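Colleague: Got a minute to go through some labels with me? I'd like to hear the reasoning behind each one.

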Amino acid sequence: MKLSDGVETAIHCTAAVAGLPQGAVMAAADLAEFHGVSASYLLKHLKALVKAGLLVSVPGPTGGYRLARPAAQITLLDVVLAVEGPEPAFRCKEIRRNGPCAPGPSAFPRPCNINRAMLKAEQAYRAALSQTTIADLNSEFLATSDPRVVERADSYFTAQMRPQKT
C-alpha cells in the first residue's frame, strides 16, 4: 500500500501545530518552510485537515493554523482519512467476471475472496492507525529525539508562532 506524500506532510504539520501553546497559531508559510515543502502544496493538505475538523484556520495577517481538538483526540487514521479520503485503498473491479472464460455473473454468487482478504487487511491497518494519537507521536518525539533537533524545532516555532487574542 502506498500513501501519498501528503499524508506524511499532514501528520508532521499536525504534530507540529499540536506543540504550540494554547491560543497560538502557525502560518502555512512557516510550516512549509520548516518542513521544506512548497506552501502551495502544503495549503492543499492543511485545507483537507480543516475540512476534516482536525485543524482550525484563523484568518487575517496574524492568522494561521491550530488544532481543532486536543492532540490526544486526533489519531493517525484521522489524518490519513482527511488526506486520502475514506475509500479503501483496494477497490475490487470484479475482473474475475471479465474475459473469454467467465460464464457470467451468476457463476459468482459470493463476494470476491481477493476483495474480502484485501478489506480484512485494510481493517487491520486502519485499526492500527486509530491506536496512535498525535499526542503519542509528540511524546515519543520528545523522549527519543536528539536534543539538538528538539531545541531547534522549539526555537523555530517559538520565533514563528503567532499568539492569538482570546
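What follows is a chat about how those labels were reached.

Modeller: Sure, just keep in mind that this is a predicted model.

Colleague: Fine. Why is N138 called buried?

Modeller: Buried means under 20% relative accessible area. N138 comes out at 18%, so it counts as buried. It's found in helix α6, and beyond its neighbours within four places in sequence, N138 is in contact with A15, A18 and G19.

Colleague: And L142, buried or exposed?

Modeller: L142 lies in helix α6 too, which covers residues 134-144. The cut-off for exposed is over 50%, and L142 has a relative accessible area of 56%, so it is exposed.

Colleague: What makes the nonpolar surface patch there?

Modeller: F141, L142 and V149 make it, with an area of about 270 Å². A patch residue needs over 30% relative accessible area, and L142 has 56%, so L142 clears that bar.

Colleague: Then why is F90 only called partly exposed?

Modeller: Partly exposed sits between the 20% and 50% cut-offs. F90 has 27% relative accessibility, so that's the label it gets. F90 lies in the loop between α4 and α5. Setting aside neighbours within four places in sequence, F90 is in contact with I114, N115, M118, L119 and E122.

Colleague: How far is F90 from L43?

Modeller: Their C-alpha atoms are separated by 27 Å, and the two are 47 residues apart along the chain.

Colleague: Now the inside. Which residues have the most contacts in the largest nonpolar core?

Modeller: That core has 32 residues, and the ones with the most contacts inside it are L31, L46, L49, L55, V79 and F157. Elements that each supply at least two residues include α1, α3, β3 and α7. α1 gives the most, with seven. As a general point, nonpolar side chains tend to be buried together in soluble globular proteins.

Colleague: What does L49 touch?

Modeller: Contact means heavy atoms within 4.5 Å. Leaving out neighbours within four places in sequence, L49 is in contact with A10, T14, L54, L55, V79 and A82.

Colleague: Last one: how do you know that β2 and β3 pair?

Modeller: Pairing takes at least two bridges. Four bridges join β2 to β3, so they pair, and they run antiparallel. One of the partnerships is V58 with G64 in β3. The two strands form a hairpin with five residues between them, and G60 in the turn has a positive phi of about 105°.

Methods:
Residues are numbered from 1 along each chain as its sequence is written. This is a predicted model: local features need pLDDT of at least 70, side-chain atom pairs count only at pLDDT 80 or more; totals for chains, interfaces and linings use all residues. Side-chain values use heavy atoms; hydrogens and water are left out. Patches are made of residues with over 30% relative accessible area and no salt bridge: like charges are joined within 9 Å, nonpolar side chains (Val, Leu, Ile, Met, Phe, Trp, Tyr) within 5 Å. Accessible areas come from the Shrake-Rupley method with a 1.4 Å probe; for residues, only the protein chains shown count as cover. A salt bridge is a side-chain nitrogen of Lys or Arg within 4 Å of a carboxyl oxygen of Asp or Glu. Buried means under 20% relative accessible area, exposed over 50%, partly exposed in between (1.4 Å probe, protein chains only). A nonpolar core is a set of buried Ala, Val, Leu, Ile, Met, Phe, Trp, Tyr and Cys residues joined through side-chain atoms within 4.5 Å.
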